Amino acid sequence: TIGVTTPVVMGLGAAVKTSADFEAQMSRVGAIAQASGGQMKDMTAQAMELGAKTSQSASEVAKGMEELAALGFDANQVMSAMPGVISAAEASGADMATTAKVMASSINAFNLKASDSSHVADLLATAANDSAADISYMGEALKYAGTPAKALGVSLEDTSAAIEIMSNSG
């Protein structure tokens, strides 16, 4: 019985640790996003649902949520943006936290709405897949080019296309 029960107990311990880590992550998300109790329940349910339906785990979804909240998204904006963040992460192969940070920064720089996240995800994924610019590279380039481009009336679409062309030219 020792040979059989030890792996079962170890597996249970790992599951409890994973659950505790997820709850701690969601607590951080809620605190940063200043979520109400109801919003916390909704965000936790969304993280678990997206973790079950996508290639991302619930914990990875929670990390993406935390990045969005840290960049000024409120609880409702975080929930609205998450499907787009996951799309971009899956399409580009980048991790959730990096993708969320780049998307939120892009949305903020171009004064877009969280509901535009699916469109922003498409732009970033396209740029990552059609050029030498991966999500991290796009994030770095948009960090410098986003605000001036917006001030000059250049769209995120045109800015992304220019970054793609420049990245392919070295």
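Q: Which helices each supply at least two residues of the lining of the largest pocket?
A: A lining is read by assigning its residues to secondary-structure elements. In this predicted model, the helices are α5 (96-109) and α7 (135-151), each with at least two lining residues.

Q: Which element gives the largest share of that lining?
A: Helix α5 does, with five residues. The full lining comprises Glu67, Ala97, Thr98, Lys101, Val102, Ser105, Ser136, Gly139, Glu140 and Lys143.

Q: How do the residues of the lining divide into nonpolar, polar and charged?
A: Chemical character is read by placing each residue in a class, with Gly counted as polar. Here two residues are nonpolar, four are polar and four are charged.

Q: How much space lies in the largest pocket?
A: The volume of the largest pocket is about 170 Å³.

Q: What does the secondary structure of the protein chain come to?
A: One counts the helices and strands, then follows their order along the chain. This chain has eight helices and zero strands, so that its elements, taken from the N terminus, read α-α-α-α-α-α-α-α.

Q: What share of the residues of the protein chain count as buried?
A: Burial is judged from relative accessible area, with under 20% taken as buried. By that criterion, 39% of the 170 residues are buried. The chain as a whole has an accessible surface of about 8,800 Å², and carbon and sulfur atoms account for 57% of this area.

Q: What percentage of the contacts with a separation of 6 or more is due to residues 24 or more positions apart?
A: Contacts can be sorted by the sequence separation of their partners. In this chain, residues 24 or more positions apart make up 62% of the contacts with a separation of 6 or more.

How values were computed:
Residues are numbered from 1 along each chain as its sequence is written. This is a predicted model: local features need pLDDT of at least 70, side-chain atom pairs count only at pLDDT 80 or more; totals for chains, interfaces and linings use all residues. Side-chain values use heavy atoms; hydrogens and water are left out. On a 1 Å grid over the protein atoms alone, a cavity is a set of points where a 1.4 Å probe fits but cannot get out, and a pocket is an open set with protein on both sides within 12 Å along at least five of seven lines; lining residues have an atom within 4 Å of a point. Grid points are joined across faces, edges and corners, and a volume is the space filled by probe spheres set on the points. Helices (H or I, at least four residues) and strands (E, at least two) are DSSP runs, numbered from the N terminus. Buried means under 20% relative accessible area, exposed over 50%, partly exposed in between (1.4 Å probe, protein chains only). Contact means heavy atoms within 4.5 Å. Accessible areas come from the Shrake-Rupley method with a 1.4 Å probe; for residues, only the protein chains shown count as cover.
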